[in-house]
Amino acid sequence: DDLEQFVIVSRDKEGMESSRHFDKCIWASGLNGKPNIPKAVINTLGDYKGQVVHSSAMDKLVGSSSYDVKNKNAVEGKRILLIGDSHSAEDLALQCVKLGAEKIFMTSREGEGTAAYVGAWPDDKVEILWYSQVAGVKGDGTGKTIVFEELEEDEPVPDAEDVSIIIFCTGYKPNLSFLDDKLQLWKKDGTWCMEDFGESTTTWRMKENILTSTIGHVEPSKELYLNSDFVVENSYRKLLISNTNMMYIYETTSYPLLDIDVMAWLCLAYITGERPIPSREEMLEANKRELLESMQELSIRSAIDEEFKEALDEIPEEHWSKDTSDDRYEEQENEYDSYQLRVLAGYMKDANYPMSLGDISGLNKMGTKLLKMMWNDSKGRYILEYCDEETKKWKTFRDSDSSPFRSLVTGVGSVPLKGKWLEIDDEGNPASNTGTQN
């Protein structure tokens, strides 16, 4: 406004509005502000006769809030379709198995979500429909047979029959609707090329990495995305470049609680003046450098460079990079995990955070410990594929050995489960009737 302050308009429960002025503003509403339900998918389900919910609204399922007279829960004996293959899909698939569901189908468009890396599911009750998306409801008179679109050639997707419940595990969107358009963070989707940063598309080279011998040199795309997991086009290290009094706290790594705590410290450092705010030109230049440096990282480059992503997609399925039992797979995974921890370490340093993981150039002892735990967390899913058939009937990633996981601060180890995860209740105690619990 004319006072060069932020005007915050609030409304109480009686509907009365009031305005207050502030010099600084921090958006901290979280990336999971509102459910994301793709309209294109929901529009294909007009003839569906079962229940449809988002993963955030499981309490809306009939029978989920209390036992019925037969002591059955909402999913027991049901055939369920999960749309999406990330964390919520993995969690709900296991919960549905635990609660006695008959069968769980799960769509996976690209085979890259967390659930797509689970090596085996209890009692083989979960079927992943690879490279698929919902296409509609089959006209067989039941209203419960779901048909799918094949997203890759030679990858036929079977119909899912007698589906009683469809759960959208499609994530969330950040809630920015209450912010003025000038304060929107992710409103741009620009591109850049090597020449913009003083490089040449034809002569630039990626440093040698674990996949160099497989894919060789890949010339960068003429247009590269300006936004990555760690660089947002119109912001610099949680500051809005056009108005540095506007700040944002949100997670960018696999450790959201630690991440947002670090970002809170960083924003506080900006507010108190402990961390100087660069000029607009310095911020733009720093973003350019970070984008250019991130082009040396396999997973980051694949997200902003279409040519490179296509080269990775062409690696055959039998290649070691798709084999989770190969030692080189761990090295490949550690590259991305190391990069995100080094980025977080840089934020810690800027914020004068009371813990250090190292810096952008390398991890220290504590950072290396966390990196190892990240690998053990992922391995808990991969390793299920190599269990014997009897073990596959019950084991989940939650049943993994807890000994590698220890507090970075106190050294206290993780507490092991009191039994098989499928056989304990929500309090962690052995359950007498698992499969019919609410």
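## The largest cavity

Thirteen residues, given here as 13, line the largest cavity, and Phe230, Val231, Val232, Arg237 and Tyr347 are the ones nearest its centre. Keep in mind that this is a predicted model. The volume of this largest cavity comes to about 110 Å³.

Who else pitches in? Strand E15 (235–236) and helix H5 (280–294) each give at least two residues to the lining of the largest cavity. As for the mix of residue types, that lining has 6 nonpolar, 3 polar and 4 charged residues.

## The second largest cavity

Counting cavities of 30 Å³ or more gives 2. The second largest has a volume of about 40 Å³. Its lining is made up of Glu90, Leu94, Val118, Ala120, Trp121, Arg381, Leu384, Thr396 and Phe397. Sorted by type, the residues around the second largest cavity are 6 nonpolar, 1 polar and 2 charged.

## Helix H7

Now for a helix. H7 covers residues 306–313, and Phe308, Ala311 and Leu312 are buried there. Look down the axis of H7 and the buried residues sit within an arc of 100 degrees, so they line one face of the helix.

What do the buried residues of H7 pack against? Their partners are helix H3 (212–215) and helix H6 (298–304). The N-terminal end of H7 has a cap too: aspartate 305 places a side-chain oxygen 3.1 Å from the backbone nitrogen of glutamate 307.

Notes: Residues are numbered from 1 along each chain as its sequence is written. This is a predicted model: local features need pLDDT of at least 70, side-chain atom pairs count only at pLDDT 80 or more; totals for chains, interfaces and linings use all residues. Side-chain values use heavy atoms; hydrogens and water are left out. On a 1 Å grid over the protein atoms alone, a cavity is a set of points where a 1.4 Å probe fits but cannot get out, and a pocket is an open set with protein on both sides within 12 Å along at least five of seven lines; lining residues have an atom within 4 Å of a point. Grid points are joined across faces, edges and corners, and a volume is the space filled by probe spheres set on the points. Helices (H or I, at least four residues) and strands (E, at least two) are DSSP runs, numbered from the N terminus. Ala, Val, Leu, Ile, Met, Phe, Trp, Tyr, Cys and Pro count as nonpolar, Asp, Glu, Lys and Arg as charged, and the others, Gly among them, as polar. Buried means under 20% relative accessible area, exposed over 50%, partly exposed in between (1.4 Å probe, protein chains only). The arc is that of the directions from the helix axis to the C-beta atoms. Contact means heavy atoms within 4.5 Å. A polar contact is a pair of N or O atoms within 3.5 Å; within protein, one must be able to donate a hydrogen and the other to accept it, and residues adjacent in sequence count only if both atoms are side-chain atoms.
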